[in-house]
Amino acid sequence: MTNLLQLLIDALLMGGLYALMSVGLSLGFGVVRIINFAHGEFVMLGAYGAYWALTLLHVDPLLALPFLIVLGYLGGWLLFRGVVAWVLKAPALNQILLTFGIALVLQHIAVVLWTGDVRSAMPEYALSTTIIGDVFVVHGRLIAFLVAGTLIAALTTWLRYSETGRAVRAVAQNHDAAILMGINPGRIYALAFAMSTALGIASGAIVSFLINITPFMGFSILLKAVAIVILGGLGSIAGTVISAFILAIAETMVAYYVPEGAGWTEGVAFAVIVGILLVRPRGIIGSALAT
Amino acid sequence: MTPLLSLSNIRAGYGASLVLHDLSIEVGEGEVVCLLGANGAGKTTTTCVIAGLVRPWSGEIRFAGESIAEVPGHRRVSLGIALSPEGRQVFPEMTVHENLLLGSYAPHARRDRTRAMDQVLALFPRLEERLRQKAGLMSGGEQQMLAIGRAIMSRPRLLMLDEPSLGLAPRIVMDVYAAVAETARAGISILLVEQNTEAALAVADRGYVLANGTIAASGSAAELRGSALVRSAFLGIQAESAP
Amino acid sequence: MNPPSAAAILLAVAAAIAALVIPFLGMPLLTDIDFRICALAMIAISWNMMAGAGLVSLGHSAFWGLGSYAAILSANDLGAPFVVSLVPAVVAGGLLGAGLARMTGRLRGIYFAISTLATSEGLRVLATMLPDLTGGGNGLYLDSTLFPGNAAISLAIPCGAIVAALIAWAISRSRYAFALRAMRNNEAASQMLGVAPIRFRVGIMAVAGAIASLAGAINAWHGGYLDPGVAFDLKTTIDAQIAPILGGVYTLPGPIIGAIATIAFEEFTRALFGGMVGISLLVFGLVLVAVVLVLPQGLVGLLRKTRRR
């Protein structure tokens, strides 16, 4: 019984991080209507950002987080204006290949900068634990969960109540009607893409609390995020958050209860994607940015 | 006096197909002008050209004396052009309140938001009852009121209404048109696009008949009401398209 | 489609002969390049075949890896010699293609692409988690007593590439070409034309899957070693799309020209930045981005444009 509780706590803490990784992807798709295959690479770059902050500047990743978010926003904005904006009206093939190419470029920039070696940016306190009853809580996981929760809450509040957040949802729901409101969709696209990038970078910075960093970590993260976003319904923030927890719980259960489960966990995302696409390609939980 | 809006010799279309050829219309300050025509005559394209959603291939658009052909759609709202589009196009996942707030997104309208909101809710009391409801879940008539209300929220000098009576029950059409007449009394110029000739001519000062992408006839509302052309070109087609 | 010019036919035949003759010239470096171009041309042709029907694959490593395992396992466990072992590879690739086509029946565009991506990742996990069959993460060596010699393998790959090109050519000349183009542009319209998209989809994906699997199988004999990471390498997926994009997507010569250009480019960047890990793939990514942005019709499109001027 306590075992189950421990598993659920672990899954819950992990789910927060998964949610943050996927919310950016979901936002980008919901507004710009492009699945960004480079999203996993943003997470990877965020993790290396935290690594550099810790090793070069001796700055705690949590302190570096706001700067990384701003950098991610600027980088995403430039990437959109400079590259992605040019394929908005192109066929899906071009869009897919373009973001795939961006992923390849970012991945190997990381190889050049940091080599393929495994790195870690875990501050010492991330490894310590607190025992509540019979449940172990690893501080790194708890912090990651809290940061993810704060950022997602900030995002949803902004989308819901701010003037610009409302404009973002308007563009996602009806592009032409948004123009009639005086909203400049080009600006909103750039903003949403930049935000999506910043969220990816932010989740990378806190991923470094939990796992090791390599230039190639982005792909499996992307796959998980895609599974989550599809399960939640492409573009729905609320759906994304819920399905992030579903995936985290499913993975944790598989890892624990299936023999040699740790190896199979990577397959859970695959099973979810194939299952959903076969049964309900529009996703299970939500639709267009219904936060 | 220069008219508030003038289109001269507009040619426009989608892809390779030409929809409007050589279209010229005017709307004066404070006027209610209706644009009549059958399905596919180019009425909606005309409103899209004025709102900046469709770029004309050639021709001139002037608003309040200035050429606006090069002004992008989202900036025309600040000039005072508002469109309640065909098919209403409300934001379905947002509440009525949020839809109306979006109507006053443009900076000049945002400053005057509270007053505009009061006016719109007075004009359409039904919307006040539904403020917290998701727009996508409302009836067609309520969505139409919301679309018009949302357009009025932008403090327009020219309000364009594209087929506001389409698909509505006769009683709701009366409500909507009462609101149109009241808006006109407040001094806002209105370009009313309709297939419902009778309702449109009842509130309009003048009208144009659009056929095959160009103006086939024009005149005062009274003239058009009696016009054989309007009857034949139109009532005939309407009778055909009715189930 | 216009009938090919005499010059184009001549060029194609010359290229085929060159690909077949090079392994016998006794120049190992050239033979290696020949091998890589032909293997790449096969998956590029396969990818382009699917793209031509509106199916963007992000999972060509699934076919490639499955073919590799089918060949090596049938050799190691059943004692199948080289050529015989290619049969189960082709069959497995064809079945995977047909199965994916059936399973993803309604999916288009991005949804289809994602499902192929997930399939290759799923197969990689499966290969890792079935160590009794595949050797798992430790990998698997080909039974060296069965090795048919370098010449046989070096000859097999150009043969495979030529067969793949001929199949692609035959499809483009057949009455199906029109239906496939209709599928790419608009599935609803193709349905109205009386084309049953699902049947064509199954057919085209079975053929494309078989070709990519065959390439993987021959390559596995060439390498002699497999593990899940090698078999289902993302690089294969990337290569399979870069070559046709660079050469000219939706065209017949595109994937082949693209394969030659890609390998040439790879050699060039390796000579230039040899020691620096990652640079060549970095430049690769930049080329992919640049081609999509400024040259969406690829080299073939560029050639046609300059000729028209």
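Which two chains does no contact join, and how far apart do their closest C-alpha atoms lie? The answer is chain B and chain C, whose closest C-alpha atoms lie 16 Å apart, where contact means heavy atoms within 4.5 Å.

Before going on, I should say that this is a predicted model, in which local features need pLDDT of at least 70 and side-chain atom pairs count only at pLDDT 80 or more, while totals for chains, interfaces and linings use all residues. Residues are numbered from 1 along each chain as its sequence is written, chains are lettered from A and ligands numbered from 1 in the order in which they are written, and side-chain values use heavy atoms, with hydrogens and water left out.

Let me start with chains A and C, which have the most contacts among the 2 pairs of chains that touch. Chain A brings 38 residues to this contact and chain C brings 41 residues. The buried area, meaning the accessible area (1.4 Å probe) that two parts lose on being put together, summed over both, is about 3700 Å² here, and carbon and sulfur atoms give 85% of that. On the chain A side, A:L93, A:L97 and A:F100 lose the most area to chain C, together 17% of what that side buries. The elements of chain A that give two or more residues to this side are α4 (92-114), α9 (217-232) and α11 (261-279), and α4(A) gives the most, with 14 residues; helices here are DSSP runs (H or I, at least four residues), numbered from the N terminus. By class, the side has 30 nonpolar, 5 polar and 3 charged residues, with Ala, Val, Leu, Ile, Met, Phe, Trp, Tyr, Cys and Pro counted as nonpolar, Asp, Glu, Lys and Arg as charged, and the others, Gly among them, as polar. Between chain A and chain C the count is 0 salt bridges, a salt bridge being a side-chain nitrogen of Lys or Arg within 4 Å of a carboxyl oxygen of Asp or Glu.

Now to chains A and B. This contact takes 22 residues from chain A and 22 residues from chain B, with a buried area of about 2000 Å², of which carbon and sulfur atoms give 63%. Here the count is 3 salt bridges, and A:E163 forms a salt bridge with B:R113 in which the closest N and O atoms are 2.5 Å apart. On the side of chain A that touches chain B, two or more residues come from each of α6 (163-173), α7 (175-180) and α8 (185-207), with α6(A) giving the most, 6 residues. That side has 11 nonpolar, 5 polar and 6 charged residues.

Finally, the cavities. On a 1 Å grid over the protein atoms alone, a cavity is a set of points where a 1.4 Å probe fits but cannot get out, and lining residues have an atom within 4 Å of a point; grid points are joined across faces, edges and corners, and a volume is the space filled by probe spheres set on the points. The count comes to 5 cavities of 30 Å³ or more, and the largest holds about 100 Å³ of space. Residues from chains A and C line this largest cavity, among them A:F100, A:L104, A:F219, C:L234 and C:I238. Its lining draws at least two residues from each of α4 and α9 of chain A and α12 (234-247) of chain C, and α4(A) supplies the largest share, 4 residues. By class, the lining has 8 nonpolar, 1 polar and 1 charged residues.

Key
On a 1 Å grid over the protein atoms alone, a cavity is a set of points where a 1.4 Å probe fits but cannot get out, and a pocket is an open set with protein on both sides within 12 Å along at least five of seven lines; lining residues have an atom within 4 Å of a point.
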